Amino acid sequence: MLILLPPSEGKTPPRSGRPVNLDALSHGALQPGRERVLDALGALCTDPDRDRAREVLGLSPGQDAELDHNARLRTSPAQPAAKVYSGVLYDALDLGTLPAPGRARARRRILVFSGLWGVVRTDDRIPAYRCPVGVRLPGVGGLAAYWRALLDPALTEAAGGGPVLDLRSSGYAAMWRPTGRLAERTVTVRVLHEQLVGGEVRRSVVSHFNKASKGRLVRDLLLAGPAPRSAGSLVEALRDLKYTVEEQPAVSGRPRQFDLVVTEL
């Protein structure tokens, strides 16, 4: 089983550790693509014209520290991605407190999508960076389109014959879309908040707390350790963990969609 996650916008800069070693990152076939993005991002952020870099990356003058991080990516300290990514989803997932079997499952099953690296595993050592997938990087172009062609063979192989739990946000989902039979083994999630309002049960799509719900869901899967072999058995595994899951009608050749209904945020 693969679990696909977005990165966090905010990251925790490592205070110590050797710099990133591109040769040591997982999915080595992506190395030339990573080199190109890394070089383009570094060139942009070392240019004296910081207004251009701010515009490309969507930053304000008060966020120039992000440009400084990007200018030193090859020499900055690096730590496992599990420690670098922070924010609501990763706080709820809390990889660092998982017992050893859960951390091992996280290393095998989780792929984090990234505008800079393509994808990384939780134990890949990376520095903090700022490179949203929605930017158009000079010399590279739109990052979602750039990565799409490079990721397809790597991720199709990584998925093997098992299910894929796709918890990415829309921008990162555009980097790779499973097709054919792999799409039919892929499950996407919409989080709905159910509450009683004026004596009537109402449901609403949650945004911010959507991330926390997904983080808790992944944590529970890693703790329990089920090894589902199909999209259907993945849904059953979630129900066994006491999640309220409602499936949407299946469409041939497309990912299966289900609603995760929560009563607490």
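A residue counts as buried here when its relative accessible area is under 20%. Keep that cut-off in mind for this predicted model, starting with strand 12.

**Strands 11 and 12, and a look at Glu194**

Strand 12 covers residues 256-262, and five of its seven residues are buried, so the rest of the structure largely encloses it. Its partner is strand 11 (residues 244-247): the two run antiparallel and are joined by four bridges. Within that pairing, Thr244 sits opposite Val261 of strand 12.

Val261 turns up again around Glu194. Setting aside neighbours within four places in sequence, Glu194 touches Val201, Arg202, Arg203, Val261, Val262 and Thr263. Glu194 itself belongs to strand 9 (residues 186-197), and with 23% relative accessibility it counts as partly exposed. For a sense of scale, Glu194 and Ala106 are 30 Å apart, C-alpha to C-alpha, with their positions 88 residues apart in sequence.

**Rings and charges**

How many aromatic pairs does a search of the whole structure find? The search turns up four. Take Tyr85 and Tyr129: the ring centres are 6.4 Å apart and the planes sit at 85°, so this pair is edge-to-face. The two tyrosines come from distant parts of the chain, 44 residues apart: Tyr85 is in the loop between helix 4 (81-84) and helix 5 (88-93), and Tyr129 is in the loop between strand 5 (125-126) and strand 6 (136-137). Both Tyr85 and Tyr129 are buried. They also share one aromatic cluster with Tyr90 and Trp117.

Tyr129 has a charged visitor too, since Lys11 lies over its ring face. Phe113 has Arg168 in that role. Here are the two cases:

| Charged residue | Ring | Distance to ring centre |
|---|---|---|
| Lys11 | Tyr129 | 4.4 Å |
| Arg168 | Phe113 | 4.5 Å |

**Helix 7**

Helix 7 (residues 143-159) has 17 residues and spans 22 Å from first C-alpha to last, close to the 24 Å expected at 1.5 Å a residue. Where does helix 7 kink? The kink is at Leu151, is about 45°, and comes shortly before the proline Pro153.

Leu151 is also one of the buried residues of helix 7, along with Leu143, Ala144, Tyr146, Trp147, Ala154, Leu155 and Ala159. As background, an α-helix has 3.6 residues a turn, so residues three or four places apart point the same way. Right after helix 7 comes Gly160, with a positive phi near 55°.

Note on methods. Residues numbered from 1 in each chain as written. Predicted model: local features only at pLDDT ≥ 70, side-chain atom pairs only at ≥ 80, totals over all residues. Heavy atoms only, no water. Buried < 20%, exposed > 50% of the residue type's maximum accessible area, 1.4 Å probe, protein only. Pairing = 2+ DSSP bridges. Phe/Tyr/Trp six-rings, centres within 6.5 Å; stacked < 30°, edge-to-face > 60°. Lys NZ or Arg CZ within 6 Å of the ring centre and 35° of its normal. Expected span 1.5 Å × (residues − 1). Bend = angle between axes of the 7 residues up to and from the residue. Contact = heavy atoms within 4.5 Å.
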